[in-house]
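Visitor: I'm new to this structure and would like a close look at a single part of it. Could you pick one helix, take me through it slowly, and then show me a few spots elsewhere?

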Amino acid sequence: MAFLNIDSVKERTFDAIVIGSGISGGWAAKELTEGGLRTLVLERGRDVKHITDYPTTMMQPWEFPHGGQLSKEYLDANPIASRCYANREDASHFFVKDAEHPYVQEKPFDWIRGYHVGGKSLMWARGTQRWSQYDFDGPARDGFAVEWPIGYKDIAPWYSHVEKFAGISGNKDGLPQLPDGEFLPPHEQSCVEKHFTEQMAKHYNGTRPIIIGRCAHLTKPQPIHYQQGRAQCQNRSLCQRGCPYGGYFSSNSSTLPWAAKTGKMTLRPDSVVHSIIYDEKKGKASGVRVIDAHTKAVTEYYAKIIFVNAACLNSNLILLNSTSNRFPNGLGNDNGLLGKYVAFHNFRTTISAEYEGFLDTTTEGIRPNSSYIPRFRNVFKQETDFLRGYAAGFGSSRMTSADTSGIGEDLKASLMQPKYGNWRVGSHMMGETIPKEKQLHCFGPESDRSVGHSTATYFGWIRRQRREDDPGFS
């Protein structure tokens with residue numbers, strides 16, 4: 001029997017264990033398996049295979065029972081999850097329901113989660129702006145939080161490494177507060193956005209630039225992307241459903257299949273990591289304790305490398321749950337700071353307006369991106385009574401309306417000939433918050449919540465306006 005036990009331990013021993021299969025977990029799996037390490041990837045949620053498990057991705061608006069909108073029943077049962085812009089009838093199966101993993105919300109804080117293989121890499125808004133040295137310098141300059149032990153020069157090569165593989169579109173804008181990257185061709189600004197860019201340059205002497213946002217879309221795939229099995233972005237703007245073309249970056253379409261091709265990856269979904277096992281004799285972590293999501297059976301896996309990629313809050317939860325004689329308050333928690341000093345990005349403020357010019361033009365097709373106003377406050381020096389800075393998104397759409405009073409052929413003809421109104425423009429702010437031991441409220445009703453991307457609120461806004469102006473839009 002002792003030999004059987006030894007064989008069982010060998011079967012459950014790997015070179016590396018990755019906890020979580022979202023964006024960072026997928027990357028960890030790719031890098032470790034490429035390095036020749038037998039890697040176990042643990043995901044607490046169900047399996048989602050690229051293309052196969054995107055059930056709504058090719059559905060038409062009329063195929064949805066509620067026309068793409070969330071039902072009143074769903075809204076009543078999920079007041080938190082339903083506030084995310086991407087949670088619509090075509091994507092609600094990717095969002096954790098409020099009752100499935102409830103939490104106490106004493107002040108507004110919407111913790112949006114995706115428990116499945118790929119995590120929020122299927123749900124994110126794909127905005128990918130680099131940090132600059134000015135962002136790394138923030139704590140040293142204003143004295144809040146711990147100074148960064150690394151700087152932009154240390155991270156820049158890794159930015160390039162990731163960008164080339166993932167595929168990031170954008171312009172080389174030459175801005176010190178927003179470094180350029182390894183870009184595919186950019187999306188195009190609308191005429192109104194170009195006009196706004198020109199006016200801002202004129203009135204603010206170039207100190208408040210507006211650019212097209214950098215985003216993880218394959219505008220012109222390179223050989224490395226074809227090797228991943230991905231194709232050019234079709235500009236459908238149905239990304240929340242999962243992209244069958246692999247046009248935007250996700251773990252499901254990119255890093256996980258790449259890791260699987262090495263033959264070194266073992267993916268285990270439905271595996272809730274309870275805690276990390278600490279070896280008291282060796283003085284280091286030696287494995288993880290896993291609970292099967294269905295059977296509740298407990299299994300232990302072992303490795304010399306354990307990479308925790310369970311997103312911010314759940315990573316803290318796992319470490320706090322990893323108690324031992326050496327770490328009675330949680331692994332690595334000698335200072336008692338785990339779960340505290342959590343910082344967020346605020347997406348609360350939005351504004352919209354109409355512009356009466358350019359009535360002879362409109363946009364053609366859909367663009368899965370918006371313009372972007374990089375940070376311009378507290379960049380080179382502290383100049384305000386608040387700390388750090390903020391950026392903003394900016395988008396535009398030509399307003400349309402149609403006569404919906406008819407039925408049958410008359411209604412169809414009217415919908416096919418919409419009347420154009422003024423341009424509608426919208427902007428939203430995203431700002432850094434300072435980490436505090438007791439976290440204050442951080443998100444408001446118009447926020448992008450924990451999906452956290454530069455284009456997200458813009459798309460929520462633009463979809464709301466299009467639905468108001470065009471009954472046929474989904």
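Guide: Here is a walk along helix 7, followed by a few other places. Keep in mind that this is a predicted model.

Let's start with the length. Helix 7 takes in residues 191-204, which makes 14 residues. At 1.5 Å a residue it should span 20 Å, and its end C-alpha atoms are indeed 20 Å apart, so the expected and modelled spans agree.

Now, which residues of helix 7 are buried? They are V192, E193, T197 and M200. Looking down the axis of helix 7, you'd find the buried residues within an arc of 140°, so they line one face of the helix. A bit of background helps here: an α-helix has 3.6 residues a turn, so residues three or four places apart point the same way. Turn to the face of helix 7 that looks away from the buried side, and you meet E198 and K202, which are exposed.

What covers that buried side? Among the elements over the buried residues of helix 7 are strand 12 (350-355) and strand 13 (371-373), along with strand 14 (390-401) and strand 15 (419-432). Right after helix 7 comes N205, with a positive phi near 55°.

It's also handy to know the wider setting. An unreviewed UniProt entry carries the annotation "domain: Glucose-methanol-choline oxidoreductase N-terminal" for residues 108-324. In the model, that span is 29% helix and 17% strand, and its end C-alpha atoms lie 34 Å apart.

Next, a stop at Q228, in the loop between helix 8 (223-227) and helix 9 (251-261). Its relative accessibility is 9%, and because buried means under 20%, Q228 counts as buried. A polar atom of the Q228 side chain lies 3.3 Å from the backbone oxygen of I224. The Q228 side chain also makes a polar contact, at 3.2 Å, with the side chain of R230. If you set aside neighbours within four places in sequence, Q228 is in contact with F165, S253, S254 and W258.

Helix 10 (312-321) is worth a look too. Its buried residues include N314, S315, N316 and I318. The buried residues of helix 10 pack against strand 1 (16-19), strand 7 (271-279) and strand 10 (305-308).

What about cysteines? Searching the whole structure turns up zero disulfides. For C243, the nearest cysteine sulfur is that of C233, 6.6 Å away, and C243 is in no disulfide. C243 counts as buried because its relative accessibility is 12%. C312, on the other hand, has 46% relative accessibility, so it counts as partly exposed.

Finally, two places to give you a sense of distance. G336 sits in the loop between helix 10 and strand 11 (345-346), and its relative accessible area of 25% makes it partly exposed. From G336 to R46 is 290 residues in sequence and 33 Å in space, C-alpha to C-alpha. The other place is I6, in helix 1 (residues 2-11), which is partly exposed with a relative accessible area of 43%. I6 and R424 are 418 residues apart in sequence, and their C-alpha atoms are 67 Å apart in space.

Terms used:
Residues are numbered from 1 along each chain as its sequence is written. This is a predicted model: local features need pLDDT of at least 70, side-chain atom pairs count only at pLDDT 80 or more; totals for chains, interfaces and linings use all residues. Side-chain values use heavy atoms; hydrogens and water are left out. Helices (H or I, at least four residues) and strands (E, at least two) are DSSP runs, numbered from the N terminus. The expected span of a helix is 1.5 Å times one less than its number of residues. Buried means under 20% relative accessible area, exposed over 50%, partly exposed in between (1.4 Å probe, protein chains only). The arc is that of the directions from the helix axis to the C-beta atoms. Contact means heavy atoms within 4.5 Å. UniProt positions are given in the numbering used here, feature names are shortened, and annotations may be inferred rather than shown by experiment. A disulfide is a pair of cysteine sulfur atoms within 2.5 Å. A polar contact is a pair of N or O atoms within 3.5 Å; within protein, one must be able to donate a hydrogen and the other to accept it, and residues adjacent in sequence count only if both atoms are side-chain atoms.
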